[in-house]
There are 2 protein chains.
Amino acid sequence: MDCNHENEHHLAAERAKATMPQEESIAQVCAAFKAISEPSRLKILLALRQGEMCVYHIVEAVGGTQSAVSHQLRILRDNRMIRARRDGQNVVYALADGHVRELLDTANEHLRCPIVTE
Amino acid sequence: MDCNHENEHHLAAERAKATMPQEESIAQVCAAFKAISEPSRLKILLALRQGEMCVYHIVEAVGGTQSAVSHQLRILRDNRMIRARRDGQNVVYALADGHVRELLDTANEHLRCPIVTE
DNA sequence: ATAATATATGAACAGTTATTCATATCTTGA
DNA sequence: TCAAGATATGAATAACTGTTCATATATTAT
């Protein structure tokens, strides 16, 4: 360990250690991002961006089997990304709140101007 | 399929299908988010937010073995989240661009005001 | 050239996760 | 109460992913 940037790097590393969030906070954030980092789930969220929908229509919008979609809905619900409301025979899903919408906006930006910028 | 929201839901589903991005775009965005959805990688990115660093200092800042960190650096590099520059014996890593920084800002917001808002 | 240091990488293993299939639960209309 | 429709769920499997260990590559100083 003796790069010629020793001082700057060491300082940055010190700041990094000092400002590094708790393991638990890190894990929470990661969980949130993991929820939208799987195609099947991101599709569901992007679909719900167009308005609330019951499961049947979600399946119609994103494809796949009813079971698979239902499993992913469960995960999204556990992560508080979506909320469910029963309405008769159906269960209507919607994005949980503005936070999620912001996340999706960020995702959408990256759709247009992806990270792979070269 | 005959919820009493038939029309609204059907419309939303239609819009969702119409606006659903290509599989490939979805995959790209997911890859970007997946990169920051693992604690080991998020920590590295948060560390680099404090300034560029060589591997040794990254290891110092985030913990874990040199090998594990190196593997994760590879993944982050493949996803263009970070860029590397050799400097003598060392390789100095830095966040790839402003986009990544924005993503991390978003992540940071969720650190303070997590999705689990209830 | 060789030793020492810094970083990268391949193989193997363990843990995680998405999907499928079958079935269960819940709600409504008859 | 029963049948039908809508949604959820448990178990099993296959694919994926992070870490470790050992080793390879690259750079510098001697």
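The following exercises, with worked solutions, concern a predicted model of two protein chains and two DNA strands.

In this predicted model, local features require pLDDT of at least 70 and side-chain atom pairs count only at pLDDT 80 or more, while totals for chains, interfaces and linings use all residues. Residues are numbered from 1 along each chain as its sequence is written, and chains are lettered from A and ligands numbered from 1 in the order in which they are written.

**Exercise 1. Determine which relation connects chain A and chain B, and describe the side of chain A that touches chain B.**

Step 1. A turn of 180° with a shift of 0.0 Å along the axis lays chain A on chain B with an RMSD of 0.2 Å (least-squares superposition on the C-alpha atoms of residues with pLDDT of at least 70 in both). This is the relation of a two-fold axis. The same surface serves both copies, since 98% of the contact residues of chain A recur in chain B.

Step 2. In the interface, 60 residues of chain A are in contact with 60 residues of chain B (contact: C-beta atoms, placed from the backbone, within 7 Å). Elements of chain A that each supply at least two residues to this side include helix H1 (6-19), helix H2 (23-35) and helix H6 (98-112). Helices (H or I, at least four residues) and strands (E, at least two) are DSSP runs, numbered from the N terminus.

Step 3. By class, this side of chain A has 31 nonpolar, 18 polar and 11 charged residues. Ala, Val, Leu, Ile, Met, Phe, Trp, Tyr, Cys and Pro count as nonpolar, Asp, Glu, Lys and Arg as charged, and the others, Gly among them, as polar.

**Exercise 2. Characterise the packing of H2(A) and H3(B).**

Step 1. Two packed helices are described by the angle between their axes and the distance between the axes. For H2(A) and helix H3 (residues 39-48) of chain B, the angle is about 110° and the axes are 9 Å apart. Axes are lines fitted to C-alpha atoms, for helices over the stretch in contact, and angles run from 0 to 180 degrees between N-to-C directions.

Step 2. H2(A) and H3(B) are therefore roughly perpendicular to each other (angles under 35 degrees count as roughly parallel, over 145 as roughly antiparallel, 65 to 115 as roughly perpendicular and the rest as oblique).

Step 3. From H2(A), Ile26(A), Ala27(A), Val29(A) and Cys30(A) meet Pro39(B), Leu42(B) and Lys43(B) in H3(B). This contact has six nonpolar, no polar and one charged residues.

**Exercise 3. Identify the pairing of the strands in chain A.**

Step 1. S1(A) pairs with S3(A) in the antiparallel sense over two bridges (strands pair if DSSP finds at least two bridges between them). Here Cys54(A) stands opposite Val92(A).

Step 2. Strand S2 (residues 82-87) of chain A pairs with S3(A), also antiparallel, over six bridges. Asp87(A) stands opposite Asn90(A) in S3(A).

Step 3. S2(A) and S3(A) form a hairpin with two residues between them, and Gly88(A) in the turn has a positive phi of about 65°.

**Exercise 4. State which residues come nearest to DNA strand D and which element gives the largest share of the surface near that strand.**

Step 1. Of 27 residues around DNA strand D, the nearest are Cys54(A), Val55(A), Tyr56(A), Ser67(A) and Gly88(B) (near: C-beta atom, placed from the backbone, within 6 Å).

Step 2. H5(A) gives the largest share, six residues. The surface has nine nonpolar, 14 polar and four charged residues.

Key:
Two residues are in contact if their C-beta atoms, placed from the backbone, lie within 7 Å.
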